[in-house]
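Me: I am new to this structure and would love a close look at one part of it. Could you pick a pair of residues, start there and work outwards?

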Amino acid sequence: MGILRTDRVSGLGGARAIKGSVKFTSGGALDIDLDGATIGTGNFTIEAWVFPRSYLTLPNANFILDFRNSNAGYNINVVMYLAYNASTSSYNLYGWTGNAASGITLNAWNHVAIVRESGSEKGFVNGVQKYSASETSNHQYSGSGVNIGNRYASTWGPFDGFISNVRIVKGTAVYTGNFTPSTSPLTNVTNTVNLGLRLNRFADS
C-alpha cells in the first residue's frame, strides 16, 4: 500500500535525505482521477522521482504509473514502469513502446520521464535521453482512474520503494533533449493535469 512518509528516512541520503515521500509495498497503489483528461494523440510528459528497493524481472514489472480505462477493464495506455531485463543484465525504465531506458539504480533516487513529442516517445533517466521511438497511439482515458505504484487489477506490477513528485502534463513535451532534473519540488507548469506527491525530497536544497 502507499504510505506517506514525512520523516527523514534512514539510509536515503544522510543529511540530504528525503523529508517526504510515499512508500509503496505489498502491491498497494494510490488512485487519482484526472477528470477525463484524455491524452489522445498529442504530446505529453510524465515524470517522477523514484527510489526502487528491489526489482521484478520481465515480463513482470514495477509500475510507477498506469492509466486505466473502465471500458476495457484495465488499459495500460500511457504507462511508466521499471523492470529487470535478464538478457541485458540491466534495470530499465519503460514506456508504452516497450523500449528500454537504461541507467536505473536500485536503492538510490532516480529522475524518470516519458515524453511524447510529435509522434515520438522518448525515455529519460536522470535527464539523459536513452531512446526515441515512434508512438502515435490514441490514448483514451475514461475517468476511471490512474494508478501510482501498481498496475490496475494486477498482482504482478507492484512498486517496492519510494515515489515523489509525480507530474503529468497533457499537450506539452516538457523535455525535448537532455536536461538537468530539478533539485526542488516540481511546479505546476502550463498544461499540467496532475501534480502529485509533491514532497520535498531535497532536505537541504
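Reply: Happily! Let us start where Val112 stands opposite Val125 in β10. Before going further, please keep in mind that this is a predicted model, in which local features need pLDDT of at least 70, side-chain atom pairs count only at pLDDT 80 or more, and totals for chains, interfaces and linings use all residues. Residues are numbered from 1 along each chain as its sequence is written, and side-chain values use heavy atoms, with hydrogens and water left out.

Strands here are DSSP runs of E with at least two residues, while helices are runs of H or I with at least four residues, both numbered from the N terminus. Two strands pair if DSSP finds at least two bridges between them. With that in hand, strand β9 (residues 110–117) and β10 pair in the antiparallel sense over six bridges. Two residues lie between these strands in their hairpin, and Ser118 takes a positive phi near 50° there.

On its other side in the pairing, β10 is joined to strand β11 (residues 128–134) by six bridges, again running antiparallel. Val125 takes part here too, with Val128 as its bridge partner in β11. The hairpin of β10 and β11 also has two residues between the strands, and in it Asn126 takes a positive phi near 50°.

Why is β10 described as largely enclosed? Six of the six residues of this strand (residues 120–125) are buried, so the rest of the structure largely encloses it. Buried means under 20% relative accessible area, exposed means over 50%, and partly exposed lies in between (1.4 Å probe, protein chains only). The cover reaches both faces of β10: Ser120, Lys122 and Phe124 are buried on one side, and Glu121, Gly123 and Val125 are buried on the other.

A similar look can be taken at β6. Strand β6 (residues 79–85) is mostly covered, with seven of its seven residues buried. One face holds Val79, Tyr81, Ala83 and Asn85, the other Met80, Leu82 and Tyr84, and all of these are buried. Strand β5 (residues 62–67) pairs with β6 in the antiparallel sense over four bridges, and within that pairing Leu65 has Met80 as its bridge partner. β6 also pairs with strand β7 (residues 90–94), antiparallel and over five bridges; there, Ala83 is matched with Asn92 in β7. The hairpin of β6 and β7 has four residues between the strands, and Ser89 takes a positive phi near 50° in it.

Leu65 turns up again in the nonpolar core. A nonpolar core is a set of buried Ala, Val, Leu, Ile, Met, Phe, Trp, Tyr and Cys residues joined through side-chain atoms within 4.5 Å. The largest one has 29 residues, and those with the most contacts inside it are Ile64, Leu65, Leu93 and Ile163. β4 gives the most to this core, with four residues.

Strand β4 (residues 44–52) is also the place of Thr45, which is buried with a relative accessible area of 0%. The side chain of Thr45 reaches the backbone oxygen of Thr172 at 2.8 Å. Contact means heavy atoms within 4.5 Å; beyond its neighbours within four places in sequence, Thr45 has contacts that include Ile114, Val115, Ile168 and Val174.

Asn165, found in strand β13 (residues 161–170), is likewise buried, at 0% relative accessibility. Its side chain reaches the backbone nitrogen of Leu186 at 2.8 Å. A polar contact of 2.9 Å joins the side chains of Asn165 and Ser164; such a contact is a pair of N or O atoms within 3.5 Å, where within protein one must be able to donate a hydrogen and the other to accept it, and residues adjacent in sequence count only if both atoms are side-chain atoms.

Stepping back to the whole chain, there are zero helices and 14 strands, and buried residues make up 51% of the 205 residues. Residues 24 or more positions apart account for 65% of the contacts with a separation of 6 or more.

One last point concerns pLDDT, the predictor's confidence in each residue, from 0 to 100. The chain averages 78, and 71% of the residues score at least 70. Over residues 1–19 the pLDDT is below 50, though this stretch has 54 contacts in the model beyond near neighbours in sequence.
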